[in-house]
Amino acid sequence: MTPNVIGLSGHPPCGVPAGHLEVFMRVFVTGATGWIGSAVVPELIAAGHQVVGLARSDASADALAAAGAEPQRGALDDLEALRSAAGASDGVIHLAFKHDQAFSGNFEAAADADRRAIETFGAALDGSHRPLVIASGLAGQPPGVVVTENDVPDTDAPAGPRTLSERAALALASSGVRSSSVRLAPTVHGDGDHGFVATLVDIARDKGVSGYIGDGANHWPAVHRLDAARLFRLALESAPAASVLHGAAEEGIPVRAIAEAIGRHLDLPVTSIAPEDSGEHFGWLSGFLALDVQASSALTRNMLGWQPTRPGLIDDLDQGHYFREPVARPTP
Ligand SMILES: NC(=O)c1ccc[n+]([C@@H]2O[C@H](COP(=O)([O-])OP(=O)(O)OC[C@H]3O[C@@H](n4cnc5c(N)ncnc54)[C@H](OP(=O)(O)O)[C@@H]3O)[C@@H](O)[C@H]2O)c1
């Protein structure tokens, strides 16, 4: 299928001269109502693309319509719905993930559903050279080194099942799909975040101390949600087939520095928690908080001209929105 709308954009992408003929796409987005997806949708629309978003409920369909996207009813397991929406699109951005299942102890089943969806998109886009951009993660990369886009994660690591999804997506390049994988930092932060950093704030409030594990010298890369959204658009528009991209604006922030910022804002003591007590103190977050990941995004920036412009994690914490009165948050 050829892209369905061709127009002259007033906003040429980085490096493209004004007046250059730009191709607008009809993009099928899964997870379009989620934390990252709800930033990707306006990013795509502002660049002139049309968005069709997967909606598994009336509430999601209404949210998509309000955002200017066309809802496509269906769920991640409705492979026929995924196949037909992908086939009718000029490209797919796949962000949906069964976090509810993953965080209730069945990560493997959630990763399996992710891989089945990717394979379905691959079949729908086979031979078309249309783009498929998937979300993956940087959690599970080896500690103590700065990993690059060329590093191949270990499928035996705890995040291994998700690595298999990435491999499945990248392998589609050999059957004529312009597939790419955006490995996101463990924290995609910003105003309204309900993920790891927001949970850490809630735990600090609850326990009366802002904790880190051991000496807190382990690192987390980070990216602002709006910078991540731009990266997904750039990948859709121009990432070559089989590209691995790092959605990490900051290479690695010591976890202790994150705990210190939280303690400062909540006026709480900042405390080391012994590794053997971390499960009790941090609950399901303890495994993630113990991660030590440092990730370069130099290759991604060079390839796509991606330049993060939003606040880094500590500056974002210092803006204060993480410390408004607590609201009921879904488990990420
Ligand atoms: N946020 C982060 O810090 C982070 C870090 C690393 C990687 N990632 C990855 O980035 C992607 C997007 O993450 P996110 O934070 O935006 O996730 P999120 O806020 O939890 O949103 C998940 C999205 O997936 C949809 N979804 C879940 N189960 C579904 C199902 N069975 N059928 C159809 N849709 C379903 C949800 O739809 P409803 O609106 O209907 O619930 C929602 O739109 C995920 O792959 C995630 O693992 C995120």
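**Exercise 1. Describe how the ligand is held, beginning with the polar backbone of G34.**

Step 1. A backbone N or O atom of G34 sits 3.0 Å from an oxygen atom of the ligand. This falls under the term polar contact, a pair of N or O atoms within 3.5 Å; within protein, one must be able to donate a hydrogen and the other to accept it, and residues adjacent in sequence count only if both atoms are side-chain atoms.

Before going on, please keep in mind that this is a predicted model, where local features need pLDDT of at least 70, side-chain atom pairs count only at pLDDT 80 or more, and totals for chains, interfaces and linings use all residues. Numbering runs from 1 along each chain as its sequence is written, and side-chain values use heavy atoms, with hydrogens and water left out.

Step 2. Add the other polar partners. In the side chain of S60, an N or O atom is 2.9 Å from a ligand oxygen atom, and a polar backbone atom of V188 is 3.1 Å from an oxygen atom of the ligand.

Step 3. Turn to the surface. The ligand taken alone exposes 910 Å², of which the protein buries 83% (Shrake-Rupley method, 1.4 Å probe; for residues, only the protein chains shown count as cover).

Step 4. Look at the shell. The ligand is surrounded by 24 residues, the closest being T33, W35, R56, H99 and R162; a residue is near if one of its heavy atoms lies within 4 Å. By class, the shell has 13 nonpolar, 8 polar and 3 charged residues (nonpolar: Ala, Val, Leu, Ile, Met, Phe, Trp, Tyr, Cys and Pro; charged: Asp, Glu, Lys and Arg; polar: the others, Gly among them). Strands β7 (131-137) and β10 (187-189) each supply at least two shell residues; helices (H or I, at least four residues) and strands (E, at least two) are DSSP runs, numbered from the N terminus.

**Exercise 2. Work out whether H189 is buried or exposed, and what is in contact with H189.**

Step 1. Place the residue: H189 belongs to strand β10.

Step 2. Its relative accessible area is 1%, so H189 is buried (under 20%; exposed is over 50%, partly exposed in between, with a 1.4 Å probe and protein chains only).

Step 3. The H189 side chain reaches the backbone nitrogen of H224 at 3.5 Å.

Step 4. Beyond four places in sequence, the contacts of H189 (heavy atoms within 4.5 Å) include W35, E250, L313 and Y322.

Step 5. Follow L313, in helix α13 (residues 313-318). L313 is buried, because its relative accessible area is 0%, and among the residues that L313 touches are T187, H189 and I258.

**Exercise 3. Find the largest nonpolar core and follow I93 within it.**

Step 1. This core has 35 residues, and I93, L184 and F232 have the most contacts inside it. A nonpolar core is a set of buried Ala, Val, Leu, Ile, Met, Phe, Trp, Tyr and Cys residues joined through side-chain atoms within 4.5 Å.

Step 2. Elements giving two or more residues to this core include β3 (26-30), α1 (37-46) and α8 (225-238). The largest share, 7 residues, comes from α8.

Step 3. Leaving aside residues up to four places away in sequence, I93 touches V27, V40, V133 and F232, among others.

Step 4. Another core lies apart, with 32 residues, including L138, I203, W220 and L285.
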